[in-house]
Amino acid sequence: MKIKTDAPFDMIVIGASGDLAQRKLLPALYFLHKHGDLSPTGRIIGVARHEWTQDEFLRTAEASCRKYLDQGDFSDDDWSSFARRLHYLALAATEPESYADLARLLAQDGEDAERRARIFYLATPPDLYGSISHAIAAAGLITSGARIVLEKPIGSDLDSAAAINASVGEVFPEDRIYRIDHYLGKETVQNLMALRFGNALFEPMWRSEHVDHVQITVAETLGVEGRGAYYDQSGALRDMVQNHLLQLLCLVAMEPPSRLAQDAIREEKIKVLRSLRPIEGEDLARKTVRGQYREGAIAGQSVVGYLEEPDTDPASGTETFVALKAEVDNWRWAGVPFYLRTGKRMGHRVSEIIIQFRRVPHLLFTDQANAIQDNRLVIRLQPDESIKLALMIKTPGAGMALRRVHLNLNMAETFEERPALAYERLLMDVIRGNATLFMHRTEVEEAWRWIDTILEGWEARGDRPRYYNAGTWGPPESIALVVRDERAWYEHLV
């Protein structure tokens, strides 16, 4: 994992007492520190409303790192040196006068302040992004090296996303706004570009003449996990499809960029979003499925249904599952459906991209007609990162009996180095000022434009989500979505 940087930085985590900071950010920063990837002079400054002392913050952060890091990654010696980077200040993030103590701490940088990357990581609700940005500016904390990191979701529809982007944009120029989607930091997601653009084998095949369809699945076994109040106002389409799944679709479908640079890659992703065919009118019933989980069993343990989860409306019509048939109206992908699927309380935790190739044009092995299966590229993002290519091979012995086998690249087995986890890689990119894996304002708004059409159509129809039992793969209607096209969901989890 070669992601080291010597760039000096101050990372100010606003909302440092929250779940995101404690579960993801601090453990990722600890790991980067442990392996010597951070500049020795880099500081991590947690701020929140909690009236914690420095010692209380350190105890909480240590407990989080012990809990969320892999066994063997935590050591007392590494923690002691990491803790010297950490500072904590209690403040009201939307009030400029609350930043006096932070301003004094940052002033210690002296003449070095303009050279240091000053990163404001907003681990807060998105509706506070604009007011926090303006408070930071009013407190005089914006330097030439200042950057701001925004977590998804950016808004709840096109209008709210545009308003947030405009408000933050009044303080920070677009090239210093980092909208993070942790899926884009996964090693196998980035390998999509390497597979396509670094191999003569795949790029000529990556088009409608050779690809039958594409499937993108992000399945979770977890429920709302204490986020019932937020999730009930969001749902799977806003929470997962608008960002994670559409970003994956863009990386699969985009044209080769003119160069491997952030602006060139972003331009190609935006073209894909603008090419998505709107799903509206009668297509809503044929190309979309909404589901909501009921009680069931996960890993042999009984779990309650969505309506019984804490802080959810007992009469809620919020979807916890979505399946869509998306179509990209351009020359490369005309006629190739992209089947998207995501849900909570599913049968297994898995995120993967399936490139299903077309059948061979002429079948030589007529006596093996039922055995011949189409070639398939399976790019798995989690729980294990791997790339598999399914091919037909003759079995040993007499005759021409065929069977499917997999060429399997398992990232953990192939590379001796532990690959950087998503937040580790993305945090380092922010420190270095590399925005390639972050979303441009236009990407966010074009994604919402497409999603809003579906949301408005659902509301006009007044349909309620279909039910599915926890531990299954969604409502039966999601199976019909692909069977209608004489296809099937890929669910071979080996």
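A residue counts as buried when its relative accessible area is under 20%. The model on screen is predicted, and the tour below applies that criterion at several stops.

**Stop 1: Glu445**

Select Glu445, which belongs to helix H14. Its relative accessibility is 13%, and Glu445 therefore falls in the buried class. Next, display what surrounds this residue. Apart from neighbours within four places in sequence, the contacts of Glu445 are Leu158, Ala161, Ala162 and Asn165. Adding Gly130 to the selection gives a long-range pair: Gly130 and Glu445 are 315 residues apart along the chain, and their C-alpha atoms are separated by 16 Å.

**Stop 2: H14 and H10**

Keep H14 (residues 441-461) displayed and add helix H10 (residues 262-275). Two packed helices are described by the angle between their axes and the distance between the axes. For H10 and H14 the angle is about 10°, and the axes lie 9 Å apart. H10 is therefore roughly parallel to H14. The crossing of H10 past H14 is left-handed. To view the contact, select Arg266, Lys269, Ile270, Leu273 and Arg274 on the H10 side, together with Thr442, Glu443, Glu446 and Ala447 on the H14 side. Colouring this contact by residue class shows five charged, three nonpolar and one polar residue.

**Stop 3: H14 and H9**

Now replace H10 by helix H9 (residues 236-253), whose axis comes within 10 Å of that of H14 and crosses it at roughly 135°. The pair H9 and H14 is therefore oblique, and this crossing is right-handed. Which residues of H9 and H14 meet here? From H9, select Leu237, Arg238, Val241, Gln242, Leu246 and Gln247; from H14, select Glu443, Val444, Ala447, Trp448, Trp450, Ile451, Ile454, Leu455 and Trp458. By class, the contact of H9 with H14 contains 11 nonpolar, two polar and two charged residues.

**Stop 4: H5**

Move to helix H5 (residues 129-138), where the buried residues are Tyr129, Gly130, Ile132, Ser133, Ala135 and Ile136. Gly130 has already appeared at the first stop, as the partner of Glu445 in the C-alpha separation of 16 Å. To see what covers the buried residues of H5, display elements including E1, E4, strand E5 (146-151) and helix H6 (158-169). Then step past the end of the helix: Gly140 follows H5 and has a positive phi, near 75°.

**Stop 5: H4**

Select helix H4 (residues 100-107) and mark Leu102, Leu105 and Leu106, its buried residues. Orient the view down the axis of H4; the buried residues fall within an arc of 95°, so they line one face of the helix. The face turned away from that buried side carries Arg104 and Ala107, both exposed. What do the buried residues of H4 pack against? Show strands E1 (9-14), E2 (43-48), E3 (86-90) and E4 (117-122), against which those residues pack.

**Stop 6: Gln22**

Finish at Gln22, in helix H1 (residues 19-34). Is Gln22 buried or exposed? Its relative accessible area is 6%, so Gln22 is buried. Select its surroundings to complete the view: beyond neighbours within four places in sequence, Gln22 contacts Ala16, Ser17, Pro27, Phe57, Thr60, Ala61, Ser64 and Tyr68.

How values were computed
Residues are numbered from 1 along each chain as its sequence is written. This is a predicted model: local features need pLDDT of at least 70, side-chain atom pairs count only at pLDDT 80 or more; totals for chains, interfaces and linings use all residues. Side-chain values use heavy atoms; hydrogens and water are left out. Axes are lines fitted to C-alpha atoms, for helices over the stretch in contact, and angles run from 0 to 180 degrees between N-to-C directions. Helices (H or I, at least four residues) and strands (E, at least two) are DSSP runs, numbered from the N terminus. Angles under 35 degrees count as roughly parallel, over 145 as roughly antiparallel, 65 to 115 as roughly perpendicular and the rest as oblique. A crossing is left-handed if the near helix is turned anticlockwise from the far one by less than a right angle, and right-handed if clockwise. Contact means heavy atoms within 4.5 Å. Ala, Val, Leu, Ile, Met, Phe, Trp, Tyr, Cys and Pro count as nonpolar, Asp, Glu, Lys and Arg as charged, and the others, Gly among them, as polar. Buried means under 20% relative accessible area, exposed over 50%, partly exposed in between (1.4 Å probe, protein chains only). The arc is that of the directions from the helix axis to the C-beta atoms.
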